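I sat down today with a fresh page and a structure to read. These are my notes, in the order I looked things up.

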Amino acid sequence: MLVAGVDVGSVATKVVIIKDDAFYYRTAPTGWSPREAGGQVFREALSALGCAAEQVEFVVGTGYGRVSLSFADKAVTEITCHARGAAHLVPGSSMVIDIGGQDSKVIKIDNQGQVLDFAMNDKCAAGTGRFLQVIAASLGNDVSELSDLAAGKSPLALNSMCAVFAESEVIGLLASGHDKGEIVSGLHQSIARRIASMVGRLGHSHQVTFTGGVARNESMRRSLENVLGMKVIVPEHCQMAGALGAALIARKHRPEK
């Protein structure tokens with residue numbers, strides 16, 4: 001059995017290939033062309049396994065660039081794929097928080113990873129990976145450095161969560177001599193509160209799983225735990241949840257032999 005899931009996000013493209021009962025993955029920046037990124041990462045993943053595209057029985061595409069994947073047999077929304085992938089990575093999950101490059105999602109799921117309800121922020125950059133990139137740039141840091149900057153720092157209250165105004169506010173705070181770490185800690189807390197309001201709309205959950213690239217930010221995870229008042233689990237392959245879910249769905253759709 002050889003099936004694949006291709007998650008073309010606004011920032012990164014992820015591919016998961018399931019070969020028999022094991023899964024293999026590859027990721028790379030999406031760049032300017034989702035179509036090219038999806039095809040390139042898919043070919044690279046196959047090459048690493050020593051397999052040809054003709055051997056793949058079924059491919060599911062997901063993410064914002066899913067409609068551009070001409071080689072995909074089926075396109076499935078990232079909500080469905082993240083739910084399925086998170087349930088596989090963390091059995092028993094009842095809610096998934098995914099902070100992606102251009103949107104953030106909270107998904108309530110059952111034990112099989114089926115979507116029961118969801119809330120999504122896709123109208124504003126605030127609370128997304130892109131928002132964190134903008135703020136990191138205004139601080140003169142890479143987004144990967146934000147977690148360390150905020151470690152052990154008291155959060156500084158921020159007045160704006162609009163990407164444009166928040167950037168100006170951060171520059172002003174720096175000019176006033178405020179500590180970078182306190183600014184980042186305040187930013188994480190503000191995002192966590194925004195996510196918490198989405199969680200509140202979906203009701204109680206006994207196990208929360210945090211997926212997406214931002215989930216690797218340990219300070220962001222701690223901020224979510226503090227605001228939600230409960231443990232937030234980050235699986236080892238948190239960024240691959242969407243592609244993994246797509247591959248698992250592909251396994252269900254592959255032709256019967």
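What follows are my entries on a predicted model, from the sheet to the core and then to the charged side chains.

**Entry 1: the sheet**

I began with the strands. I found an open sheet of five, in the order β8-β7-β6-β9-β10, and its pairing is mixed. Which strands stand at the edges? They are β8 (115-121) and β10 (232-233). Each of these has a single partner strand, so one side of each is left without a neighbour in the sheet.

Next I looked at the pairing inside the sheet. Strand β6, residues 95-99, runs parallel to strand β9, residues 208-211, and four bridges hold this pairing. I noted one register point for myself: M95 has V208 as its bridge partner in β9.

For the antiparallel sense I turned to β7 and β8, which are joined by six bridges. Here I109 is bridged to V115 of β8. The hairpin made by β7 and β8 has five residues between the strands, and in it G113 takes a positive phi near 85°.

**Entry 2: the helix across the sheet**

I then asked what lies across β6, β7 and β8. The answer is helix α6, residues 180-202, which runs at about 30° to β7 (104-109).

**Entry 3: the core**

I looked up the largest nonpolar core and found 36 residues in it. The members that touch the most others are I97, V106, I191, I195, F210 and L224. At least two residues of this core come from each of β6, α3 (129-139), α4 (146-150), α5 (163-175), α6, β9 and α7 (218-228). Which of them gives the most? It is α6, with nine residues.

I picked I191 for a closer look. Setting aside residues up to four places away in sequence, I191 touches I99, G127, F131, L132, M161 and M220.

**Entry 4: T211 in strand β9**

T211 lies in β9. Is T211 buried or exposed? Its relative accessible area is 0%, so T211 is buried. Beyond its neighbours within four places in sequence, I listed its contacts as H82, A86, V96, I97, D98, I99, C238 and A241. One of these, D98, also shares a side-chain polar contact of 3.1 Å with T211.

I also checked T211 against L69, which is 142 residues away along the chain. Their C-alpha atoms are separated by 23 Å.

**Entry 5: salt bridges**

My search of the whole structure gave ten salt bridges. A reminder to myself on why I look for them: side chains of opposite charge can pair when their charged atoms come close.

D98 came up again here. It forms a salt bridge with K105, and the closest N and O atoms are 3.0 Å apart. I put D98 down as buried because its relative accessible area is 3%. K105 is buried too, with a relative accessible area of 3%.

D7 and K14 make another salt bridge, at 3.7 Å from N to O. The relative accessibility of D7 is 4%, so D7 counts as buried. K14 has 8%, so K14 also counts as buried.

I then went to K153 and D179, whose side chains meet in a salt bridge of 3.6 Å, N to O. This pair links distant parts of the chain, 26 residues apart. K153 sits in the loop between α4 and α5, and D179 in the loop between α5 and α6. Are these two buried or partly exposed? K153 is partly exposed, at 35% relative accessible area. D179 counts as partly exposed as well, at 30%.

The last item under this heading is a network: E218, R221, R222 and E225 are joined by salt bridges that share partners.

**Entry 6: R221 in helix α7**

I stayed with R221 from that network. R221 lies in helix α7. Why do I call R221 buried? Its relative accessibility is 14%, and buried means under 20%.

The side chains of R221 and E225 are joined by a polar contact of 2.6 Å. Leaving out residues up to four places away in sequence, R221 touches F210, V232 and V234. I had already met F210 among the core residues that touch the most other members.

Notes. Residues are numbered from 1 along each chain as its sequence is written. This is a predicted model: local features need pLDDT of at least 70, side-chain atom pairs count only at pLDDT 80 or more; totals for chains, interfaces and linings use all residues. Side-chain values use heavy atoms; hydrogens and water are left out. Two strands pair if DSSP finds at least two bridges between them. Contact means heavy atoms within 4.5 Å. Axes are lines fitted to C-alpha atoms, for helices over the stretch in contact, and angles run from 0 to 180 degrees between N-to-C directions. A nonpolar core is a set of buried Ala, Val, Leu, Ile, Met, Phe, Trp, Tyr and Cys residues joined through side-chain atoms within 4.5 Å. Buried means under 20% relative accessible area, exposed over 50%, partly exposed in between (1.4 Å probe, protein chains only). A polar contact is a pair of N or O atoms within 3.5 Å; within protein, one must be able to donate a hydrogen and the other to accept it, and residues adjacent in sequence count only if both atoms are side-chain atoms. A salt bridge is a side-chain nitrogen of Lys or Arg within 4 Å of a carboxyl oxygen of Asp or Glu.
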